[in-house]
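Q: Hey, I've never looked at this one before. Could you walk me through it?
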Amino acid sequence: MSTPELRKLWKLFLNTSDRAFEEWEKRGYIGSVNRPPFPEELRGMTCGAKTRAGTPCRQKGIYRNGRCKLHGGLSTGPITQEGKKKSSQNWKKRTP
Ligand SMILES: [Zn+2]
């Protein structure tokens with residue numbers, strides 16, 4: 001199951017737990033992380049995107065955006081001129 005409300009809750013949960021980790025970092029990693037409890041309704045959440053067969057996607061490996069790797073998860077590569085230039089130079093690192 002995946003609804004827009006569930007995905008919203010998923011993002012909210014990730015953001016609040018990120019903030020808890022930031023606070024922990026500021027405290028100098030003292031004490032334990034004041035993480036929010038994992039919302040039970042998010043357990044077993046699926047991607048839910050419409051597949052080419054017309055059925056909802058059943059992948060459970062969900063990224064921050066609430067979708068799986070096939071439905072909006074992977075990077076499409078560098079966009080800016082700077083990024084393209086940088087990635088075009090990466091091959092040089094491997095040659096001795
Ligand atoms: Zn999916």
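A: Sure, here is a quick chat about the model and its parts.

A: This is a predicted model: local features need pLDDT of at least 70, side-chain atom pairs count only at pLDDT 80 or more, and totals for chains, interfaces and linings use all residues. Residues are numbered from 1 along each chain as its sequence is written.

Q: OK, how many helices and strands are in the protein chain?
A: Two helices and zero strands. Helices (H or I, at least four residues) and strands (E, at least two) are DSSP runs, numbered from the N terminus.

Q: What does H1 span, end to end?
A: The end C-alpha atoms of H1 (residues 4-26) are 33 Å apart, which agrees with the 33 Å expected for its 23 residues at 1.5 Å a residue. That expected span is 1.5 Å times one less than the number of residues.

Q: And what happens just after H1?
A: Gly 28 takes a positive phi of about 80° there.

Q: Switching topic: where does Asn 65 lie?
A: In the loop between H1 and helix H2 (81-88). Its C-alpha atom is separated by 26 Å from that of Lys 86, 21 residues apart along the chain.

Q: Why does Asn 65 count as partly exposed?
A: Because it has 13 C-beta neighbours inside 10 Å. Buried takes 20 or more other C-beta atoms within 10 Å of a residue's own, exposed 12 or fewer, and partly exposed is in between, with C-beta atoms placed from the backbone.

Q: How much of the protein chain is buried?
A: Buried residues make up 8% of its 96 residues.
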